[in-house]
2 protein chains.
Amino acid sequence: MPRYALTVEFDGRPFMGWQRQAHGPSVQQAIEDALFGITGERAVIHAAGRTDAGVHGLAMRAHADIEKPMTPFRLMEALNARLRPDPVAILDCAIVSEDWHARFSCTGRAYVYRIVNRRAPLTHEAGLAWRVIQPLDADAMAQAAGALIGQHDFTTFRSAHCQAQSPVKTLDRLEVLRNGDRIAIHAAARSFLHHQVRSMVGCLALVGMGRWSPDDMRAALNARDRAALGLNAPPDGLYFVRAEYP
Amino acid sequence: MPRYALTVEFDGRPFMGWQRQAHGPSVQQAIEDALFGITGERAVIHAAGRTDAGVHGLAMRAHADIEKPMTPFRLMEALNARLRPDPVAILDCAIVSEDWHARFSCTGRAYVYRIVNRRAPLTHEAGLAWRVIQPLDADAMAQAAGALIGQHDFTTFRSAHCQAQSPVKTLDRLEVLRNGDRIAIHAAARSFLHHQVRSMVGCLALVGMGRWSPDDMRAALNARDRAALGLNAPPDGLYFVRAEYP
């Protein structure tokens with residue numbers, strides 16, 4: 001049965017998250033339902049990552065096995081037509097080998113977290129960024145971010161619901177870039193714990209506000225205790241931006 | 001009576017345009033109603049430009065005369081609180097002299113028009129950019145844009161409803177910048193005719209699609225005839241970005 005790899009963009013605002021849920025709409029369900037409408041097959045979609053409610057995707061990678069013979073282009077067009085008006089778009093579709101797995105073959109994941117640092121409420125970007133009213137010192141945030149890069153036990157930055165076997169992860173990139181009142185925090189790793197990016201961003205914001213020093217960030221990491229977490233950033237500003245494969 | 005100058009960001013999607021309308025919500029009405037709720041005064045808001053339904057503002061300038069004594073900061077905070085949940089935000093507020101007029105003192109206006117050049121539907125940006133499916137040649141568009149810069153009779157690019165006395169305007173900037181599948185068209189002039197930016201962008205898109213040559217653009221301009229217009233771009237991608245004052 002041919003395996004189709006998809007690149008998916010989605011606006012997380014109306015969804016309970018990527019993963020299918022009993023109690024509300026999900027991106028997975030939207031795509032699976034669209035696939036069923038096209039093929040009559042109940043294919044399961046597997047994704048590189050599972051995003052939480054309100055988190056966005058710019059290029060999530062996913063796959064499904066489909067019996068009905070279709071060119072990838074026709075499948076993409078049919079999916080985009082069926083998905084309307086849900087804010088989910090298939091940016092790319094390709095046939096891959098049967099041992100390619102969107103989740104298990106993935107060797108790198110990247111997120112960006114967008115902050116708008118101003119007093120005024122958001123208009124176009126409501127739900128698409130985190131508005132932080134207190135002036136943020138991006139240089140201090142960048143310095144504190146350095147303490148998190150590398151291999152660490154990230155228990156402090158891990159949700160109680162995290163299903164990962166180990167809290168030890170290797171963070172390859174955590175970069176803080178300021179442009180006017182916009183701050184973008186880029187994070188990359190082979191994989192992340194549940195809530196890890198939002199938890200790291202929340203603590204970076206505390207550093208930016210001057211409520212934490214970069215040393216406090218190091219102490220929080222070393223505590224290996226969820227109780228040491230200062231702040232969990234809201235989902236609004238988080239975007240899954242890239243999945244890497246060998 | 002003190003005059004307050006406002007800098008306003010707004011999402012044009014839910015509005016019939018900037019200007020107060022009998023038949024639907026407008027940005028002007030939203031701000032005037034918020035002002036009335038704060039001051040009890042029926043102040044009129046004057047703006048640097050009047051945007052159409054669905055057109056956005058990143059930094060529209062406006063003013064109102066208000067009797068009730070308030071610091072600009074308090075007025076801004078009160079307006080932002082009252083404007084919720086409308087997607088209108090006051091980014092700045094200052095007291096200006098009584099001869100400062102948001103519209104008549106304005107010596108320069110700038111817009112940006114955002115195109116997303118791809119097949120897939122828009123998700124986060126639905127209503128916030130123009131999706132163009134046909135591949136666009138941004139270099140050809142930039143070349144054609146050059147023909148419009150300077151002082152011309154822009155009758156071809158003017159709405160039938162335009163109230164300007166003369167169709168002659170001086171276009172200071174019309175720049176086409178591509179970044180991946182994003183194309184931004186920057187336009188600046190002392191003032192614009194009604195629909196001028198959208199009409200220029202629509203014709204630039206025809207050039208980008210290869211349906212018009214840069215010479216066709218020149219011919220359309222020289223025709224000085226609305227019938228020579230090739231295409232009027234939708235409001236979705238248009239943002240008022242800057243008003244200049246001496």
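This dialogue explains how to read several features of a predicted model with chains A and B.

Student: Which conventions apply to this model?

Tutor: It is a predicted model, in which local features need pLDDT of at least 70, side-chain atom pairs count only at pLDDT 80 or more, and totals for chains, interfaces and linings use all residues. Residues are numbered from 1 along each chain as its sequence is written, chains are lettered from A and ligands numbered from 1 in the order in which they are written, and side-chain values use heavy atoms, with hydrogens and water left out.

Student: What turn and shift lay chain A on chain B?

Tutor: Copies are superposed by least squares on the C-alpha atoms of residues with pLDDT of at least 70 in both. Here a turn of 180° with a shift of 0.0 Å along the axis lays chain A on chain B, and the RMSD is 0.0 Å. This is the relation of a two-fold axis.

Student: How many residues of each chain are in contact?

Tutor: Contact means heavy atoms within 4.5 Å. By that rule, 25 residues of chain A touch 25 residues of chain B. Of the interface residues of chain A, 100% are also interface residues in chain B, so the copies meet through the same surface.

Student: How much area do the two chains bury between them?

Tutor: The size of an interface is often given as the accessible area lost when the parts come together. Buried area is the accessible area (1.4 Å probe) that two parts lose on being put together, summed over both. For chain A and chain B the value is about 1700 Å², with 57% of it on carbon and sulfur atoms. A:R119, A:T123 and A:H124 supply 36% of the area that chain A buries against chain B, more than any other three residues.

Student: How many salt bridges are there between chain A and chain B?

Tutor: Side chains of opposite charge can pair when their charged atoms come close. A salt bridge is a side-chain nitrogen of Lys or Arg within 4 Å of a carboxyl oxygen of Asp or Glu. Between chain A and chain B there are 4 salt bridges. One of the pairs is A:E77 with B:R119, whose closest N and O atoms are 2.6 Å apart.

Student: Which elements of chain A give two or more residues to the side that touches chain B?

Tutor: Helices (H or I, at least four residues) and strands (E, at least two) are DSSP runs, numbered from the N terminus. The elements in question are β1 (3–10), β3 (56–65), α2 (72–83) and β4 (88–96) of chain A. Of these, β4(A) gives the most, with 4 residues.

Student: Where within chain A do A:E32 and A:R20 lie?

Tutor: These two side chains, A:E32 and A:R20, meet in a salt bridge at 2.8 Å, N to O. A:E32 is in helix α1 (residues 27–39) of chain A, while A:R20 is in the loop between β1 and α1 of chain A, 12 residues apart.

Student: Which backbone features deserve notice?

Tutor: Most residues other than glycine have a negative phi, and most peptide bonds are trans. In chain A the peptide bond from A:R84 to A:P85 is cis, with omega near 5°, and A:P85 is placed in the loop between α2 and β4 of chain A. In chain B a cis peptide bond joins B:R84 and B:P85, with omega about 0°. A:R224 is not a glycine, yet has a positive phi of about 50°; A:R224 lies in the loop between α5 (214–223) and β10 (238–244) of chain A.
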